Amino acid sequence: MPETEAALSILLVNQSWFAPELRAIGHNVISAGWVHEAFDIRFSRGQHLQEILDQASKENPITHLVYYDDSTTPSLLGLDSLEIPSLFYSVDAHHHASWHSAFSAMFSKTLVAQKDYVREFANYSEAVEWFPLWAPRDVGPEEQKDIDVCFRGNLERDLHPKRADFFDELGQLISIDTKREPYFKSYPRAKIVVNQVVDGDLNFRVFEAMYSGALLITPRVKNGMSDLFCSETDLLEYDEGDVEEVARLVQHYLVHDEERNRIANAGQKKVFELHSAKVRALQLAEHLRGLKTGAQTRQHIGAANSYLYGCINGMLSRDDFLSVPENETEKRYLIQAIESLTKGIRSGEPFGSEGEVC
């Protein structure tokens with residue numbers, strides 16, 4: 001870090017993405033989450049943000065906050081009372097843009113992983129930019145490639161019926177390894193990785209496979225794919241769902257080593273240079289440095305919609321759905337929604353746009 005740049009004190013919420021990389025360039029980083037025990041601070045869903053900030057600031061006052069999308073409803077209360085520069089990173093906007101857009105109003109800036117959804121946030125956020133995914137682990141290729149073709153991901157039919165059907169059909173045409181194993185143990189040993197997407201997303205698997213040195217065969221999607229990579233130079237593309245096209249590509253490139261290695265090496269080089277965790281951490285730090293304190297002009301209305309969504313979503317997920325919140329977290333969401341809506345009305349925030357709950 002240049003001597004003229006002061007270190008930031010950053011609280012990462014829900015994920016610990018970039019924590020090691022940000023610390024390596026001199027920043028103080030505290031991670032906080034509810035999913036697993038690896039976080040520096042563990043909290044319960046529905047806890048108030050200020051409690052986490054107080055705990056995180058014992059040694060160094062927190063100067064910046066990053067709230068990472070974890071594909072669930074809001075995990076903390078009080079986000080519309082933030083008094084430090086803050087950033088929201090929406091990864092699964094292709095699933096959650098309808099409420100992520102409202103949620104973004106509570107933060108100084110929003111970054112969106114899926115490029116085509118950036119415009120969905122304009123109703124709530126004046127500061128929103130595309131911030132693509134990356135290769136999260138430093139995992140290079142193995143010398144011995146003992147896996148010809150593989151896919152790593154969830155194939156449970158209840159969760160991903162289209163994916164399960166796709167790989168069932170593909171498995172009738174070619175031999176493909178789809179066993180459950182961490183990607184970083186498989187991709188470095190693979191000659192080819194076949195990707196499959198959900199709702200046209202530019203997913204982590206793209207970056208993981210290419211960084212690992214495998215030839216990636218992935219669906220043609222938008223969301224910034226053509227801005228980042230060149231088909232037949234860095235990777236190969238197929239029309240989504242076209243099993244026969246994938247089988248033809250696999251059969252060709254398995255026996256044409258030079259062509260396969262040329263594309264795989266070009267893709268690996270591009271991801272290593274432009275889309276690694278280290279590169280994204282530096283970019284994230286620059287975004288944080290450019291933030292100003294404060295949220296958007298509709299921060300409280302956005303909060304009311306987000307927390308009300310969290311309450312209703314929890315109620316609808318129960319088999320014995322009732323017309324009133326049943327558990328403590330749902331009640332807290334509802335109370336927070338009412339408080340935020342009251343603040344928004346008193347401060348004269350505009351509300352009532354199409355698609356809003358409030």
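This passage describes the nonpolar cores, the cysteines and one glycine of a predicted model. Local features were taken at pLDDT of at least 70 and side-chain atom pairs only at pLDDT 80 or more, whereas totals for chains, interfaces and linings use all residues. Residues are numbered from 1 along each chain as its sequence is written, and side-chain values rest on heavy atoms, with hydrogens and water left out.

The largest nonpolar core (a set of buried Ala, Val, Leu, Ile, Met, Phe, Trp, Tyr and Cys residues joined through side-chain atoms within 4.5 Å) comprises 47 residues, of which Phe 18, Tyr 89, Phe 229 and Leu 284 touch the most other members. The greatest contribution to this core, six residues, comes from helix α6, residues 204–211, where helices are DSSP runs of H or I with at least four residues and strands are runs of E with at least two, numbered from the N terminus. Leaving aside residues up to four places away in sequence, Leu 284 is in contact (heavy atoms within 4.5 Å) with Phe 18, Leu 22, Tyr 68, Leu 87, Leu 111 and Phe 131. Apart from this core lies another, of 35 residues, which includes Ala 32, Ala 93, Phe 103 and Ala 337.

Zero disulfides, defined as pairs of cysteine sulfur atoms within 2.5 Å, are present in the structure. Cys 150 counts as buried because its relative accessibility is 0%, and Cys 311 likewise counts as buried, at 2%; the classes are buried under 20% relative accessible area, exposed over 50% and partly exposed in between, for a 1.4 Å probe and protein chains only.

Gly 26 is located in the loop between α1 (19–24) and β2 (28–33) and, with a relative accessible area of 41%, is partly exposed. Its C-alpha atom is separated by 9.7 Å from that of Ser 9, which lies 17 residues apart from Gly 26 along the chain.
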